[in-house]
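Subject: Structure for your review: helix packing

Dear colleague,

I am handing over the structure below, and after it I set out what was found about how some of its helices pack. Please read the notes alongside the model, which is a predicted one.

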Amino acid sequence: MNALTRISHFFIVALLITFSLNSYAAPALYKIEKNGVNSYLFGTVHVGDASMQGLPKNVTDAIDASSQVIVEVDINKLTPLQMQQRSMPFMLLKNGKTLQTELSAENYNKLKDYFAKKSIDVAMFNGLKPWAVMVTMMQIEFQNAGYSDKTGIDKQVLAYAKNKDIKVGELETLEQQLQMFDGMELLSNEMIAETFEQLADINTYFIKLVDAWKNGDMQTLTNYYNTSFDDSNYGEISEQVMLINRNNSWIKQLTPRLVNEQLFIAVGALHLPEQHGLLKQLKDKGFNVTRL
């Protein structure tokens, strides 16, 4: 299953997109400084097209100046088989549950029709959790639109670090990220409904947002963030599970290191903004944060 190669990343398209706090025509790279120690924070996208091949020079310069690259999960160290072996226990339904029992009749029929149009029998997914099926759908649509994780910014950062023999560290394990998906299990129907809404307009919900990442278009990204994480039950819970809880954990890990080590931190860029974002939390802890 192609989705296994992407399973360590978020399932909402919003989390693939950067969020610029200023009107710069470039991806978001920040210098983090305290007590004379400089580190860098880079907002990434997890998939890209051919035009996104090659990291900007200010990014490679920042990596060169760092003693370690920190990512969410270093998926490059796992073979496809290892990824599958570690992912499948989290993806499979248990205790007699099926995809059909976990979804409303309306959502299940929508899935059935979606895969039928692609000459795929929905029955092959019947043992998978709804979020795993949704990841498969996203993967299909990304590929059809010409996007791949091979040109995603995360993989390029990892490849550059490996080429320069720079040590790589992780903020989470693969298992921790997969458990995050289970935190949304009670909202499976809302998740599937939102996925279909996004797939109905892939240009607005994905391609335009990648372009906004390239150009530092704050207004487009702001509008999408507010739409995705609104005050609905689904919006509030998804923001808490996918962003806020993880941001808080990462800050606890990073702040003691940032006063002693020069780090290059590359994470999905929607982790940067808003009141619980990494930028504000770092500022609140006395770090100087400068957009480069």
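To begin with one pair of helices, H4 passes H8 in a left-handed crossing. On the H4 side this contact is made by Asn107, Lys110, Leu111 and Tyr114, and on the H8 side by Asn189, Ile192, Ala193, Phe196 and Leu199; sorted by class, these residues comprise 6 nonpolar, 2 polar and 1 charged. The axes of H4 (residues 105-116) and H8 come within 10 Å and cross at roughly 40°, and the two helices are therefore oblique to each other.

H8 (residues 188-199) also packs with H5 (residues 130-144), where the axes come within 10 Å and cross at roughly 10°. Since angles under 35 degrees count as roughly parallel, H5 and H8 are therefore described as roughly parallel to each other. In this contact Pro130, Trp131, Met134, Met137, Met138 and Glu141 of H5 meet Ser188, Met191, Ile192, Thr195, Phe196, Gln198 and Leu199 of H8, a set that divides into 9 nonpolar, 3 polar and 1 charged.

Turning to H7 (residues 174-182), its buried residues are Leu174, Gln177, Leu178, Met180 and Phe181. These residues cover an arc of only 145° around the axis, which puts them on the same side of H7. The partners against which the buried residues of H7 pack are H2 (80-91), H5 and H11 (233-258), so that H5 appears here as well as in the contact with H8.

With best regards

Terms used: Residues numbered from 1 in each chain as written. Predicted model: local features only at pLDDT ≥ 70, side-chain atom pairs only at ≥ 80, totals over all residues. Heavy atoms only, no water. Axes fitted to C-alpha atoms, helices over the stretch in contact; angles between N-to-C directions. Helix = DSSP H or I, 4+ residues; strand = E, 2+ residues; numbered from the N terminus. Parallel < 35°, antiparallel > 145°, perpendicular 65-115°, else oblique. Contact = heavy atoms within 4.5 Å. Nonpolar A, V, L, I, M, F, W, Y, C, P; charged D, E, K, R; others polar. Left-handed = near helix turned anticlockwise from the far one by under 90°. Buried < 20%, exposed > 50% of the residue type's maximum accessible area, 1.4 Å probe, protein only. Arc of directions from axis to C-beta.
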